[in-house]
Structure formats: C-alpha cells, structure tokens
Amino acid sequence: MIQSCVTIALVPQIKSGPWIFWEDLESSMAQAASLGFDAIELFTAEASSIDTSHLEKLLAQYSLKLAAVGSGAGKVIQGLTLTDPNHVIRSQAISFIQSMMDFGAHFGAVTIIGSMQGNAMPDRREESLTHLQEALEYLGAHAEQLGVPLIYEPLNRYETNLFNTLGAGRTFLEGLSTRHIQLLADLFHMNIEEVDIAQSIRENGSWIGHVHLADSNRRPMGMGHTSMKEIAEALIQVDYQGAISAEAFPWPNPLGAAKQTMLAFNQHFEK
Ligand SMILES: [Mn+2]
C-alpha cells in the first residue's frame, strides 16, 4: 500500500530547504495526522537528536509511521560526504549515516543518502566512484543486518555530478555486490534530468524504495507544471509499495503546503 508522507525538518541550519514542516516536532505531527497523512520523514541534526521512546510515543499517539530519515545534516552541519578526498572525513560520513540507519531501523524507516554522497573530484571521477562504492558496500551490508534498505538518491546536476538519473543510479547500484540499496525517485530532480519521468519510473520500478513528491518548481504537487497523472499511473503500474513523501517548499506556508499535498495525493492515489 502506498503511504502518504510529509517531511519534518528539525535542523535550523536548513530552514530554507524544501521541507513542509520545520517547527516543533509534536505540532507538526499533529497537523500531519489531522490532514490524514500515513507517515512522516524526519530530518534531524543527528541520530541522537530525538529520544527514541519519545518518538515512539508520539507516533503511537498520532497514528503515524516513521517512513524515512534524511541524512543531509551530516553534510550541512558537519561537512561530511562519502566522496570527500580525506579518508577521515569519509569514515566519519559513513559512521554518521550508520547511526542514522540504526535510529531509523528501530522504526522500520529507511535512511536516505542525498547530499551526503558529495561530488566527484575534478578529473578524478574514478577515484571518487571507488570511494562511493566502498561506502555503499559497507552501508549496504549494514542495511542487510538491520533488515531495512538504504536509499540512494540521484540528485540534479546542480547538486551532484555523481549520478543524476534513476537509470544512472541503478547502473551503479547494479555493479555493487550489496542488494540492500534502493533508489529514491525525487520528482523535482527527475523533472530536471529525466527524458520522461513516467518512463524512467516504469524502467526502474523494481529499484525504487522511496519517492519525494514536489512539483516542477519544488512547490507542493499541483502548484507547478509536472504532469502528475501519468507519473502516478507509472508508480501504480510498477506496483510501488513505499511512501510518497512531500519534500517541497512550504508554500504558501507549512499548513497550506501540507493541505495541497494531501489534495494531490488523494487525487492520484486511491486509498
Ligand atoms: Mn529529495
């Protein structure tokens, strides 16, 4: 069953980012629940930012699931990436993601590698890809132990030069020995990079483990020019069973953006 999901960011340093809610955790969860969302996706400064039992209690109270955990704070706050030329920073990046995975797995939530993938060094792409490969093999093995997949997110060209499309990400993942890493289909990045978003979803459907929902301008779905109808049909056609998580600007405001997201979700996905 596809789950409706909404992002909650609790990291002051990334307040200008594309997150629907970014104030208090509990009031955000209360609003998400009242609008009918099934799940939340959390961005925290680190794995220990939220007490596990406190979150358990809130999730039960508001009948929400924790679907995903973002790891971007590792880069934004600590400057860590998996492809940094410095091996000490790379290993700190791996530890950071691993701790996020441990936190998320307690709730059955996937962990997302987005900006923490970093960038290939100029003229040293192969070396950077080797670093990424080593990190993903290690973290993929950890995902297998936890029984919860790790999610790799292809980003648009202005955010990474590693892999920009689902197809390119898939080819890289296929070359790894781990089979516990899946792709994130972020409709905003895909709008910039893919030839045909729906076609790419159909071609790579079995690799998609999480979806970020935003319109062409990164406003909530329905407030740009992305053709969601055929994208939703493609997700249904490939029997996608994960969360569709609103990672969009809180435009015109968090509650308005959450309402618009729910409207779009209900329009395209039957409950
Ligand atoms: Mn995303």
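Start by selecting Asp215, which lies in the loop between E7 and H9; helices (H or I, at least four residues) and strands (E, at least two) are DSSP runs, numbered from the N terminus. The model is predicted, so local features need pLDDT of at least 70 and side-chain atom pairs count only at pLDDT 80 or more, while totals for chains, interfaces and linings use all residues. Residues are numbered from 1 along each chain as its sequence is written, and side-chain values use heavy atoms, with hydrogens and water left out.

**Stop 1: the loop between E7 and H9**

Asp215 is buried, with a relative accessible area of 1%. Buried means under 20% relative accessible area, exposed over 50%, and partly exposed in between (1.4 Å probe, protein chains only). Show the residues around Asp215: leaving aside neighbours within four places in sequence, Asp215 is in contact with Phe188, Pro220, Met221, Gly222, Met223, Gly224, His225 and Thr226. Contact means heavy atoms within 4.5 Å. For a distance across the model, pick His142: its C-alpha atom and that of Asp215 are separated by 33 Å, with the two positions 73 residues apart along the chain.

Next select Arg218, found in the loop between strand E7 (208-213) and H9. Arg218 has a positive phi of about 70° although it is not a glycine. Most residues other than glycine have a negative phi, and most peptide bonds are trans. Arg218 is buried, at 10% relative accessible area.

**Stop 2: helices H8 and H9**

Select residues 197-204 for helix H8 and residues 228-237 for helix H9; the two pack at an angle of about 5°, with their axes 8 Å apart. Axes are lines fitted to C-alpha atoms, for helices over the stretch in contact, and angles run from 0 to 180 degrees between N-to-C directions. H8 and H9 are therefore roughly parallel to each other. Angles under 35 degrees count as roughly parallel, over 145 as roughly antiparallel, 65 to 115 as roughly perpendicular and the rest as oblique.

To see the contact, show Ile197, Ala198, Ile201 and Arg202 on H8, and Glu230, Ile231, Ala234, Leu235 and Gln237 on H9. Sorted by class, this contact has 6 nonpolar, 1 polar and 2 charged residues. Ala, Val, Leu, Ile, Met, Phe, Trp, Tyr, Cys and Pro count as nonpolar, Asp, Glu, Lys and Arg as charged, and the others, Gly among them, as polar.

Stay on Ile231 in helix H9. Ile231 counts as buried, at 2% relative accessibility. Leaving aside neighbours within four places in sequence, Ile231 is in contact with Leu187, Ile197, Ala198, Ile201 and Thr226. From Ile231 to Arg202 the C-alpha distance is 9.2 Å, and the two are 29 residues apart in sequence.

**Stop 3: helix H10 and the residues before it**

Select His268, in helix H10 (residues 254-268). His268 is buried, with a relative accessible area of 18%. Beyond neighbours within four places in sequence, His268 is in contact with Met228, Lys229, Ala232 and Ile236.

Move to Pro254, also in helix H10. Pro254 is partly exposed, at 24% relative accessible area. Leaving aside neighbours within four places in sequence, Pro254 is in contact with Ile20, Phe21 and Trp22.

Pro252 is in the loop between strand E8 (243-246) and H10. Select the peptide bond from Trp251 to Pro252: the bond is cis, with omega near 0°. While Trp251 is shown, add Arg219, whose charged end sits over the ring of Trp251, 3.7 Å from its centre. A charge sits over a ring if NZ of Lys or CZ of Arg is within 6 Å of the ring centre and within 35 degrees of the ring normal.

**Stop 4: aromatic rings**

The structure holds 5 aromatic pairs. Rings of Phe, Tyr and Trp (its six-membered ring) pair if their centres lie within 6.5 Å; planes under 30 degrees apart count as stacked, over 60 as edge-to-face and the rest as tilted. Select Phe103 and Phe107: the ring centres are 5.7 Å apart and the planes are at 65°, so the pair is edge-to-face. Phe103 and Phe107 are both buried.

Phe265 and Phe269 form a tilted pair, with 5.1 Å centre to centre and 35° between the planes. Both Phe265 and Phe269 are buried.

Finish at Tyr152, Phe163 and Phe172, which ring pairs link into a cluster. Add Arg125, which lies over the face of Phe163, at 5.5 Å from the ring centre.
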